[in-house]
Amino acid sequence: QEEEATPLEQVQQKVEVHDGAISKLNALKISGYVQPQWQWGQQDAGLKVGGGNVTENDNKSAFNRFGIRRGRIKFTYDDGGIATGVFQLNIVDKSNASGVSQAVVQLKEAYLNVKDPWNGTLQLQAGMFDRPFGNEISYSSSLLESPERSRIIQTLFPEEVDLGGKLILQAAKTSPWNFLKFEGGWFAGNAINPETNNRKDFIGHLTATNVIGSTAKWGLGASYYNGGVYQGTANVYTMAGNGFVLNSDPNNLSKYAKREYFGLDGQFSFESPMGMTQLRTEYIWGTQPGSNSSTGSPNAAANPTTDTYIRKMNGWYGILVQDLGQSPFSLVLKYDSYDPNTKVKGDEIGATATVAGAVKTNKADLRYNTLGIGGLWRINPALRLQVFYENVKNEKSANLASTTRSSDFSRDQLDDTFTVRLQFKF
Amino acid sequence: QEEEATPLEQVQQKVEVHDGAISKLNALKISGYVQPQWQWGQQDAGLKVGGGNVTENDNKSAFNRFGIRRGRIKFTYDDGGIATGVFQLNIVDKSNASGVSQAVVQLKEAYLNVKDPWNGTLQLQAGMFDRPFGNEISYSSSLLESPERSRIIQTLFPEEVDLGGKLILQAAKTSPWNFLKFEGGWFAGNAINPETNNRKDFIGHLTATNVIGSTAKWGLGASYYNGGVYQGTANVYTMAGNGFVLNSDPNNLSKYAKREYFGLDGQFSFESPMGMTQLRTEYIWGTQPGSNSSTGSPNAAANPTTDTYIRKMNGWYGILVQDLGQSPFSLVLKYDSYDPNTKVKGDEIGATATVAGAVKTNKADLRYNTLGIGGLWRINPALRLQVFYENVKNEKSANLASTTRSSDFSRDQLDDTFTVRLQFKF
Amino acid sequence: QEEEATPLEQVQQKVEVHDGAISKLNALKISGYVQPQWQWGQQDAGLKVGGGNVTENDNKSAFNRFGIRRGRIKFTYDDGGIATGVFQLNIVDKSNASGVSQAVVQLKEAYLNVKDPWNGTLQLQAGMFDRPFGNEISYSSSLLESPERSRIIQTLFPEEVDLGGKLILQAAKTSPWNFLKFEGGWFAGNAINPETNNRKDFIGHLTATNVIGSTAKWGLGASYYNGGVYQGTANVYTMAGNGFVLNSDPNNLSKYAKREYFGLDGQFSFESPMGMTQLRTEYIWGTQPGSNSSTGSPNAAANPTTDTYIRKMNGWYGILVQDLGQSPFSLVLKYDSYDPNTKVKGDEIGATATVAGAVKTNKADLRYNTLGIGGLWRINPALRLQVFYENVKNEKSANLASTTRSSDFSRDQLDDTFTVRLQFKF
């Protein structure tokens, strides 16, 4: 017969069992965040929660809405092996993918990451995840210091995520090359929707990040997007002079319009007696196929069926986050700009076309600049209060005048917004 | 060099590590319930699972359906700090928000609760959660002794939840005032849907609860709802004599009809050799704007577009739950009543209007009384079997006679139901 | 005063507390899988990810799609008591229940299992779960060696699951009868959708499984399905000669067409120096009500509204999985066949009806045979790479010739597929 274990040995055995059980339990990490907010907007503002503005008491003026801007639960399985799996669900009162009813839970991310078993230099990621372009797309929505990403990001990269596969290359931590990271791959080009054609879009991002002493950090990145948008009709318009010239070659139908973006991004942060200072900026330019009335990227479960309008565009943002000493408060200043059509400006927009037979530009070609100013109160590591005012200025054109205030683009639209948001993450 | 830890010290260290890991794991609590049921109904019954009644074998008579009445998973994050976050998902075969396809997972609750850091007297809650009105709304669906909430609750407060913010005030446990609790706040007034207008509805509930000796408990509450329903047309009808009189002032359009409820609720329970006895009751009265054919509250992602009919209504329920000694069985008796229009009764409904030009009332103005009798078998703490018969009686009016049985409201409708349900919670 | 606990006793106490906490945490098991894939198909193939084939660059030829074939999270609550609850969510970019938009999270399973408290011989299961018919339906999608289930399974049993209740009977492990297992019950007959009529479908499966020595295992099963499909019109067609004869008795409307399947299944596996060898096969035959153009089973939230066509059908599959010695690689060979209408073959299909007034058969009556060959690389216990080619052959009929290639069923359709899939489970 075996000797009976001593009390200490018995405890040791139990603790070993617990060790295994806890490891297993820790392999699945459940995190999430919820962001209820109250938002106010001038009469033509586009608020991110609640239904659009309506006439009330015979009046359509400034309006406000309460809602859950973001509700997320993320399941990450990582047992220390080479493969990691991630699901993220979107749980809000107003679904943000087109055509889906309210209060419906949606997929936000679902992917698989496989590391090479040797030193993790090479990773393969496949599924639905953030596009590897620039810095703001993959900046977590739970940490974002402005309520929303910049207008150019929202327009070019709806939903942040796309369906595809990418490689990640980064030297081991011990290597002098560890400060460089490359991510690149091929994507469906269709945001959160199923793939609808054979054409894959390449997206790549190369970054360098490092520290300066013990108080400062910098990062630089360059991005490239090379894809195509399905031409749903034979009519393809390109800019000539101040208008769009039609090419209606029947062969245009079912070919691809070039979708090409270039991006540069930079980040810098340092600590001082004034508190931590963060600066981030990004500049993007390139060619965007769209429709007559929109320059948004494809975000639907079917190929486009409208005429194609090809525009040269550019835009940028800069954000400054200044902590107030060691207090839990920060000031935030952000400026962003998106010019959907760099070939025309001001009164040229909507003007009679200088080229015979060309189509006039319209309000979809106006540049928008947004100045945002706000504050953060980091109540505790999990909870933050955000207040933010956004002053949105559109380019004005005398040729887009109207007697109806909300259609009168010879003036600045009434579309400022003010946001009060609670951000809780776990 | 350090001295090596003794075996006991090593175990102590590991146990400390486990302590931290277990605390972290315990911060996120996942609970839920699933309630499969078989339900039978007379030919015009409204069952809560499955599709509606259809002609079968040339006959449209009593019918039965199998389904999952409620499927819920709730994620509660509470690490002991001042903020708590909650998500609850609704996972059933038949979605209960309007216009959404089957088998779709939906948001049920999503909110954030922040306690004041001093003594927790004051709490702020924001997001989508149960309306603070009366007792039955927030009585957990996993514990409900009748299959459904009362008709008046289902009609006035669809989906139980609304989008908004509330304050909770309750003195510390050590205070003599701890037996009092106030909850009140402003809500979108639109159930589970996004907010569609500026008007916020106030809802408040004041309760007193206490014990009598060691065997009895009582609770009393008073509630108030003060809101508005968007008038989608210029036509607003109010009762005069036995009919609805039209006010078609163009200014009515886009104004708000007053939605105002008052409520009183009481609970009493005591233990005796016969077993635990519970009594709960609630009385609600007020003004409800609706349409010609319905007195249900707004529950859609858009403002109403129909003419507004304003009615005075009232209703109540009483429920008795009697445990059978120390056995796992309980008897349940429930009576509930909802009168959508207290100004007319019996044959007055549907009668020719006494006021010239007034619109006749109709079946939407009939009172419904439901007598329910059922039993519970508490198989174990997690599992319960519920059987319940509901005898539904509508008010009868000779002026709503019809040769079609299901439209003949001069008689009692054939709408009794019988429910057999398994309730599992974890 | 109590004596203070010794250090060892203190640790013992803490470990006891941990024991309880870990048990509670272990009661809820969260598992899941994610399967991103790239799939290629000939021009008329039906791929399981992405949108259908479209004309591109003036051409509609072979196409490929990237997508998440399956994304699942499963919550199983089992605290060792008699009741177990299960929820499984479906999280993919393309929803697989009809009529639901993309990226919407859906219910896949939701059920409750109750064991008898004595020796677990008898179990009752209620809710939404796999139909107890044959072997492949309940073979986990995370383990499937072919990308999809066989055509006959997909056609007769869409979504695998149905809504209902079943009994499971299996003698205790100590009993000589433990090798036998019976599962049977009644189901809505409507796949993942709510029940739409009173008729319940019986499904039963009897299996015997055992080992031979320490290296081999076998299983045999017999299944029966006896249900009914709602006749949405008075027109019911049955086969006579080579065509469909109409019975248009008005009484047919709202009666039920018999849906009856018989099934036999067998499994055999053994280990040898060549590696593990697995063989599985299943043969199903019976009567399937459908429409003129489809033999798929009901899978919608409403009763059918089309004319009923009743066909005798049969089909089978056989799969061989051969591990390559002790390597992480396996070869997979699968053959499956589905003949939706056993009364006609080859050129008889689409031929002029021999019985006066009968309706001709059509492409829905063609048999399909699929030969699949593939490989598996079991990278680690959680991760597997699957490559698979499927050669799909349809029955040919000179009477279904067409000058359009994709409608020409006098030839084999161009519908082969090739799948590369990563399978991660946790």
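Copies of a chain are superposed by least squares on the C-alpha atoms of residues with pLDDT of at least 70 in both. With that procedure, chain C is brought onto chain B by a rotation of 120 degrees with 0.0 Å of shift along the axis, at an RMSD of 0.0 Å. This is the relation of a three-fold axis. In chain C, the C-alpha nearest that axis belongs to C:Val105, at 3.2 Å from it.

The model is a predicted one, in which local features need pLDDT of at least 70 and side-chain atom pairs count only at pLDDT 80 or more, while totals for chains, interfaces and linings use all residues. Residues are numbered from 1 along each chain as its sequence is written, chains are lettered from A and ligands numbered from 1 in the order in which they are written, and side-chain values use heavy atoms, with hydrogens and water left out.

**Where chain C meets chain B**

Contact means heavy atoms within 4.5 Å, and by that rule 54 residues of chain C and 49 residues of chain B take part. The copies use different surfaces, since 19% of the contact residues of chain C recur in chain B. The size of an interface is often given as the accessible area lost when the parts come together. Here the buried area (the accessible area, with a 1.4 Å probe, that two parts lose on being put together, summed over both) is about 4,100 Å², with 69% of it on carbon and sulfur atoms. C:His18, C:Phe87 and C:Asn198 supply 15% of the area that chain C buries against chain B, more than any other three residues.

Between chain C and chain B there are 16 residue pairs in polar contact, with both residues at pLDDT 80 or more; a polar contact is a pair of N or O atoms within 3.5 Å, where, within protein, one must be able to donate a hydrogen and the other to accept it, and residues adjacent in sequence count only if both atoms are side-chain atoms. Helix α1(C) gives the largest share of the side of chain C that touches chain B, namely 9 residues. Helices (H or I, at least four residues) and strands (E, at least two) are DSSP runs, numbered from the N terminus.

**Helix α1 of chain A**

In chain A, α1 covers residues 7–27, and its 21 residues reach 31 Å from the first C-alpha to the last, close to the 30 Å expected at 1.5 Å a residue. That expected span is 1.5 Å times one less than the number of residues. Among its buried residues (under 20% relative accessible area; exposed is over 50%, partly exposed in between, with a 1.4 Å probe and protein chains only) are A:Val11, A:Val15, A:His18 and A:Ile22. The buried residues pack against β1 and β2 of chain A and against α1 of both chain B and chain C.

**Salt bridges**

A salt bridge is a side-chain nitrogen of Lys or Arg within 4 Å of a carboxyl oxygen of Asp or Glu. The structure holds 63 of them over all chains, and 3 lie between chain C and chain B.

| Pair | Closest N to O |
|---|---|
| C:Lys14 and B:Asp19 | 3.7 Å |
| A:Glu195 and A:Lys200 | 2.8 Å |
| B:Glu260 and B:Lys258 | 3.4 Å |
| C:Glu136 and C:Lys334 | 2.7 Å |

C:Glu136 lies in the loop between β5 and α2 of chain C and C:Lys334 in strand β15, so the pair ties together parts that are 198 residues apart in sequence. Both C:Glu136 and C:Lys334 are buried. B:Glu260 is buried at 12% relative accessible area, whereas B:Lys258 is partly exposed at 47%.
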